[in-house]
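User: I am new to this structure and would like a close look at one part of it, the largest pocket. What lines the largest pocket, and what are the helices around it like?

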Amino acid sequence: MTPAPPNAAAGDLFAANLTGALLAVASSAFIGVSFIVKKKGLRRAAAAGARAGVGGYGYLLEPLWWVGMVTMLIGEIANFVAYMFAPAVLVTPLGALSIIVSAVLAHFTLNEKLQRMGVLGCVLCIVGSTVIILHAPEEETPSSVTQIWHLATQPAFLCYAVSALAISLILILHCAPRYGQTNIVVYVGICSVIGSLTVMSIKAVGIAIKLTIEGINQAGYFQTWLFATVSATCIIIQLIYLNKALDTFNTAVVSPIYYAMFTSLTILASAIMFKDWSGQSISSIASEICGFLTVLTGTVVLHSTREHDPTLSSDLYAPLSPIYWHIQGNGETGGKLKEDDLLSGDFIAVVRQDYFV
């Protein structure tokens, strides 16, 4: 067979990258909308029972939450297909668009005000993502699932995978029960670390499906089904802790922090597994690092404009009921409402017993 000319090969690579980029943009739009719809469903479920942030699962009976799940599923399918055509370093940073969609919609539909500095943070995230995309390295696409398995079992990536699992277990078993309700990094960290492994396994499954469609059957390899099992397990864990994060913290803050951590770890995992940075110039690598720093700066700016979630603050900081003193002396009893300056009607309970249950 005569090999394709270099120009034709370059054109095919450009077309594949363009297809992957367009699918990633569509995916981000759907996922950004799903954040809002699911948050509204979580609020409705919280009004009728235990919040997801404290272990409740009433949202599973809320139709609006399922609408959000279907919307997210469409976005994830588009994202899944995008990984078949383009490298992770191109597809993943485009998730920044979901930040803009969710932050703007939250401003208008959830009354989670996005301040001017928050807008600046969103812009910084997009600028950083653009820099990363412009300097993204070309990825050598594996020709079989066994080749991907070889990449996944190399010592460097095994070290990353073991470290990611260890960190996830520490966050889930130790940090989440103690600090999950007060520190946004705990829930989002679990989603991000597990998410980096999800992308690597999903990319393997996607390549296997693409090769099978092209006539090179990959279903007979156990590695294909192992990657599929890992993908399903990681996705379930991500959904559980993403629900907790959305139910506990402001959507406009969850989205950018999740994006920054997830993108950074995913590109790191992809660079280790697929050696994306091999052969790149120092200037290109420096530009990508600057892109990361820009995204992280935007995340910090957005975090500094955070407003307390009304669903959380109304539960933890509620006015005390009037306080009565029971007085007994000289054989007389009576009740007296305490209305002095020490305990006025505006006294706020900052510690609620049910908060610690």
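Analyst: The answer below starts with the model as a whole, turns to the pocket, and ends with one helix and a few single residues.

This is a predicted model, in which local features need pLDDT of at least 70, side-chain atom pairs count only at pLDDT 80 or more, and totals for chains, interfaces and linings use all residues. Residues are numbered from 1 along each chain as its sequence is written, and side-chain values use heavy atoms, with hydrogens and water left out.

The protein has 12 helices and 2 strands. Helices (H or I, at least four residues) and strands (E, at least two) are DSSP runs, numbered from the N terminus. Read from the N terminus, the order is α-α-α-α-α-α-α-α-α-α-α-α-β-β. Of the 357 residues, 45% count as buried; buried means under 20% relative accessible area, exposed over 50%, and partly exposed in between, with a 1.4 Å probe and protein chains only.

The largest pocket has a volume of about 810 Å³. A pocket here is an open set of points on a 1 Å grid over the protein atoms alone, where a 1.4 Å probe fits, with protein on both sides within 12 Å along at least five of seven lines; lining residues have an atom within 4 Å of a point. Grid points are joined across faces, edges and corners, and the volume is the space filled by probe spheres set on the points.

The lining of the largest pocket has 37 residues, and the closest to the pocket centre are Ile-31, Glu-76, Asn-79, Gln-238 and Tyr-258. By type, the lining divides into 25 nonpolar, 11 polar and 1 charged. Ala, Val, Leu, Ile, Met, Phe, Trp, Tyr, Cys and Pro count as nonpolar, Asp, Glu, Lys and Arg as charged, and the others, Gly among them, as polar.

At least two lining residues come from each of α1 (6–48), α2 (63–85), α4 (96–109), α8 (184–213), α9 (222–248) and α10 (251–274). The most come from α2, with 10 residues. The largest pocket lies between domain 1 (12–112) and domain 2 (117–306), because both give residues to its lining. These domain bounds come from an automatic or database domain assignment.

One of the helices that supply the lining is α8. Its 30 residues should span 44 Å at 1.5 Å a residue, and its end C-alpha atoms are 42 Å apart, which agrees; the expected span is 1.5 Å times one less than the number of residues. At Gly-195, α8 bends by about 25°, the bend being the angle between axes fitted to the seven residues ending there and the seven starting there. Of the 30 residues of α8, 25 are buried, so the helix is mostly covered.

Another of the lining helices, α10, holds Ser-255. Ser-255 is buried, as its relative accessible area is 4%. The C-alpha atoms of Ser-255 and Ile-100 are separated by 8.8 Å, although the two are 155 residues apart along the chain.

Two further residues come from other helices. Leu-171 sits in α7 (residues 155–179) and is buried, with a relative accessible area of 15%; its C-alpha is 6.6 Å from that of Ile-190, 19 residues apart in sequence. Cys-290, in α11 (residues 282–304), counts as partly exposed at 45% relative accessibility.
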